Amino acid sequence: MLILSSTIHNLNIMILTNIAKQVVRTMSTFRLALVQLEVNEVKRKNVERAVSYISSAKEHNADIIALPECFNSPY
């Protein structure tokens, strides 16, 4: 009985270890989209262009989307 109990315990540890590895692998993977766009003096056009790139990034399953610091106005 002790041998069977030990075997089941070892099997449970192996199963839990594999589950933990899968969780870590899933949680540590993400898709990052970096947007580079032409900025002009018309703020509305800048925002429309940014929204278009954001939509495209989401279609490609981006988890995080980074826009340029001053995307809505010229430098």
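**Exercise 1. Contacts of V39**

Leaving aside neighbours within four places in sequence, which residues is V39 in contact with?

Solution.
- Step 1. Place the residue: V39 is found in the loop between β1 and α2. The model is a predicted one.
- Step 2. List the partners outside the four-place window: N46, C70, F71, S73 and P74 are in contact with V39.
- Step 3. Classify the exposure. V39 has a relative accessibility of 21% and therefore counts as partly exposed, since buried means under 20%.
- Step 4. Add a backbone distance: 8.9 Å separates the C-alpha atoms of V39 and R49, which are 10 residues apart along the chain.

**Exercise 2. Surroundings of N46**

Determine whether N46 is buried or exposed, and find what its side chain lies against.

Solution.
- Step 1. Locate N46: helix α2, residues 43–59, contains this residue.
- Step 2. Read the accessibility. N46 counts as buried because its relative accessibility is 0%.
- Step 3. Look for polar atoms: a polar atom of the N46 side chain lies 2.8 Å from the backbone oxygen of N40.
- Step 4. Collect the contacts, not counting residues up to four places away in sequence: N46 touches E38, V39 and N40, and also F71, N72 and S73.
- Step 5. Cross-check with the first exercise: N46 is likewise among the contacts of V39.

**Exercise 3. The salt bridge**

How many salt bridges does a search of the whole structure find, and which side chains meet in it?

Solution.
- Step 1. Count: the search finds one salt bridge.
- Step 2. Name the pair: the side chains are those of E48 and R44, with an N to O distance of 3.2 Å.
- Step 3. Apply the cut-off. The pair qualifies because 3.2 Å is within the 4 Å limit.
- Step 4. Place the pair: both E48 and R44 lie in helix α2, four residues apart, or about one turn of the helix.
- Step 5. Compare exposure classes: E48 is partly exposed at 41% relative accessibility, while R44 has a relative accessible area of 54% and counts as exposed.
- Step 6. Recall the general point: side chains of opposite charge can pair when their charged atoms come close.

**Exercise 4. The loop between α2 and β2**

Describe N61 and D63 by backbone angle, exposure and contacts, as far as each applies.

Solution.
- Step 1. Place both residues: N61 lies in the loop between α2 and β2 (64–66), and D63 is in the loop between α2 and β2.
- Step 2. Examine phi: N61 is not a glycine, yet its phi is positive, about 65°. Most residues other than glycine have a negative phi.
- Step 3. Assign exposure: N61 is exposed at 55% relative accessible area, and D63 is exposed at 52% relative accessibility.
- Step 4. Find the contacts of D63: F30 and R31 touch D63, not counting residues up to four places away in sequence.
- Step 5. Give the separation: D63 and R31 are 32 residues apart in sequence, but their C-alpha atoms are 5.3 Å apart in space.

**Exercise 5. A second pair distant in sequence**

What are the sequence and spatial separations of E41 and S73?

Solution.
- Step 1. Place E41: the loop between β1 and α2 holds this residue, and E41 is exposed with a relative accessible area of 73%.
- Step 2. State the separations: E41 and S73 are 32 residues apart in sequence and 6.1 Å apart from C-alpha to C-alpha.
- Step 3. Turn to the whole chain: among contacts between residues at least 6 apart in sequence, 68% join residues at least 24 apart.

**Exercise 6. Surface and confidence**

Identify the residues of the nonpolar surface patch, then summarise the surface and confidence of the protein.

Solution.
- Step 1. Name the patch: F30, L32, L34 and I64 make a nonpolar surface patch of about 430 Å².
- Step 2. Inspect one member: L32 is in strand β1 (residues 32–34) and is partly exposed, with a relative accessible area of 46%.
- Step 3. Take the totals: the accessible surface is about 6,500 Å², of which 61% belongs to carbon and sulfur atoms. Of the 75 residues, 11% count as buried.
- Step 4. Set out the elements: the protein has two helices and two strands, in the pattern α-β-α-β along the sequence.
- Step 5. Check confidence: pLDDT averages 80, and 75% of the residues score at least 70. Helix α1 (residues 2–27) has the lowest mean pLDDT among the elements, 66, and β1 the highest, 93.
- Step 6. Apply the caution: where pLDDT is low, the predicted coordinates should not be read in detail.

Conventions:
Residues are numbered from 1 along each chain as its sequence is written. Side-chain values use heavy atoms; hydrogens and water are left out. Buried means under 20% relative accessible area, exposed over 50%, partly exposed in between (1.4 Å probe, protein chains only). A polar contact is a pair of N or O atoms within 3.5 Å; within protein, one must be able to donate a hydrogen and the other to accept it, and residues adjacent in sequence count only if both atoms are side-chain atoms. Contact means heavy atoms within 4.5 Å. Patches are made of residues with over 30% relative accessible area and no salt bridge: like charges are joined within 9 Å, nonpolar side chains (Val, Leu, Ile, Met, Phe, Trp, Tyr) within 5 Å. Accessible areas come from the Shrake-Rupley method with a 1.4 Å probe; for residues, only the protein chains shown count as cover. pLDDT is the predictor's confidence in each residue, from 0 to 100.
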